[in-house]
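Work through the exercises below with the coordinates open. Try each task before reading its solution.

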Amino acid sequence: MKGIILSLLLTLSLEGMAQSKVTTKVAKLGYVSSMFAQLYSGPNRDMEIYTTVECGHPVKILSRSDGKTEEMIFGRGWYLIKAAGHEGFVQARFVSESKVTDCFNQQYPKYYDALNLTISEMYYWGRLKNVYNYGESKAVGDNL
Amino acid sequence: MMKILLLTLLLASTHAQEVDNEFVDFSKIKNVLKQDGLDEVAKKKTLDEKKKKEREVSKMQKKYDMPRIEDFWGFMSEYWLVKNAPILKWDFKKADYGVDEYFGAFLEKFGFRGVKYRILYLDAPVITHMALPANEKELIFLISVPFIRTLDLSKIEISLLMFEDYIRSEYGYFKANVQDADLISSFGTNFYGKKFDEKLLQKVLKNYDNMVWNKGFTINEQHNVTKKVVSHLVSDLKIWGLYRELLVKIDRLVKTNIIYKNYPATYPSPELQIKWITEPKEIL
């Protein structure tokens, strides 16, 4: 009897594990479109920062599935991406699905090099992009 | 003996052939080459190579482009914000005041559409409120959280201050105060083969510092801004009244709180603004 109960419990726990197993896969490719973007440990700008990546850097946009649902946008507009050897969350507004051609560092590479940005300045620049609150007034005709 | 003779004849005939080859008249086959189109192919190839080389040189030279005016201000303001991060203290955990959405609706109400903006909250009173230039039709608003808390400002009051900053930027006062002839003439130029003028960049940073920390705006500039703000707000007397009350609050603050004593040096002055907006003939 004991054996039956134990094997039942084991089967149930294994099924539960199989159901809650979360998998990630590459959904599409993208490029950093902001001067700098930062990868966070969660979809929130107050989370731990893993790294800072430059504009134009290629990234892999991941989707996450729990077997039932698949999601690609997390929180209030965040992607889960793989870039520069890290997997983390980045604000979707900083990632373009097509190759970016108007990065400041690519348009003016020698000018940008001459700035001699320190690691700390790059970090702050990436952070700055994340701490802004973005807004806009609707363009003419938007609400017609 | 016979063998030697044969060898001599053989050598002599080989030498004669080589000599003949040396004197092949290529001009005779020019026409043949022309007819075959090989001449054209060779010309095209040379031209293509020349063009390729020119493209490579141009691509390499382009790397030395100075920013165009439309790319400069957003970059420069952010560069200044990064350089001054420890003083401005904008990297802190803050509450969501909901102003980003509210201000959009505020601008629309007064007919300002398609304006993009970024709000940066500061955990320091060193700048109370200010708009920095960004790219075209875009602004960076700086708002001090200690200032908001001290005055217990509502969303509409914060929006009124931002609106004042927006009008100030429409006049282009900030840009006009930090740029000079050297900077203007550098936009869109190229420094290939020259030394990068680092002094120019440092000068603009200094001008930003001077504008924000010392110089501020003139009475004339402030008068124009206040009048313009009122000319828009007068269509909604409730909001106009709130603007006046806000200026009274700020006036009281700057006269009683030492932390904000320099406010009138940047924005001269709340007292004058109250006077300007209550001139009856001007608001009717």
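The exercises that follow concern chain B of a predicted model.

**Exercise 1.** Check the length of H11(B) against the span expected at 1.5 Å a residue.

Solution. Helix H11 of chain B covers residues 198-215. The expected span is 1.5 Å times one less than the number of residues, so the 18 residues of H11(B) should span 26 Å. The end C-alpha atoms of H11(B) are 24 Å apart, which agrees. After the helix comes B:Gly216, with a positive phi near 65°.

**Exercise 2.** Determine which residues of H11(B) are buried, and what covers them.

Solution. Buried in H11(B) are B:Leu200, B:Leu201, B:Val204, B:Leu205, B:Tyr208, B:Met211 and B:Val212. Their cover includes helix H3 (109-114) of chain A. Chain B also contributes to this cover, with strand E2 (129-133) and helix H4 (69-83) among the elements involved.

**Exercise 3.** Classify B:Trp213 by its accessibility and find the nonpolar surface patch it helps to make.

Solution. B:Trp213 has a relative accessible area of 31%. Buried requires under 20% and exposed over 50%, so B:Trp213 is partly exposed. Together with B:Ile87 and B:Val126, B:Trp213 makes a nonpolar surface patch of about 240 Å².

**Exercise 4.** Is B:Leu161 buried or exposed, and which residues does it touch?

Solution. B:Leu161 is located in helix H8 (residues 155-171) of chain B. Its relative accessibility is 4%, so B:Leu161 counts as buried. Leaving out residues up to four places away in sequence, B:Leu161 touches B:His129, B:Phe147, B:Leu153, B:Leu246, B:Ile250 and B:Tyr263. The C-alpha atom of B:Leu161 is separated by 9.9 Å from that of B:Phe141, 20 residues apart along the chain.

Conventions:
Residues numbered from 1 in each chain as written. Chains lettered and ligands numbered in written order. Predicted model: local features only at pLDDT ≥ 70, side-chain atom pairs only at ≥ 80, totals over all residues. Heavy atoms only, no water. Patch = residues over 30% accessible without salt bridge, like charges linked within 9 Å, V, L, I, M, F, W, Y side chains within 5 Å. Areas by Shrake-Rupley, 256 points an atom, 1.4 Å probe, with all protein chains shown as cover. Salt bridge = Lys/Arg side-chain N within 4 Å of Asp/Glu carboxyl O. Helix = DSSP H or I, 4+ residues; strand = E, 2+ residues; numbered from the N terminus. Buried < 20%, exposed > 50% of the residue type's maximum accessible area, 1.4 Å probe, protein only. Contact = heavy atoms within 4.5 Å.
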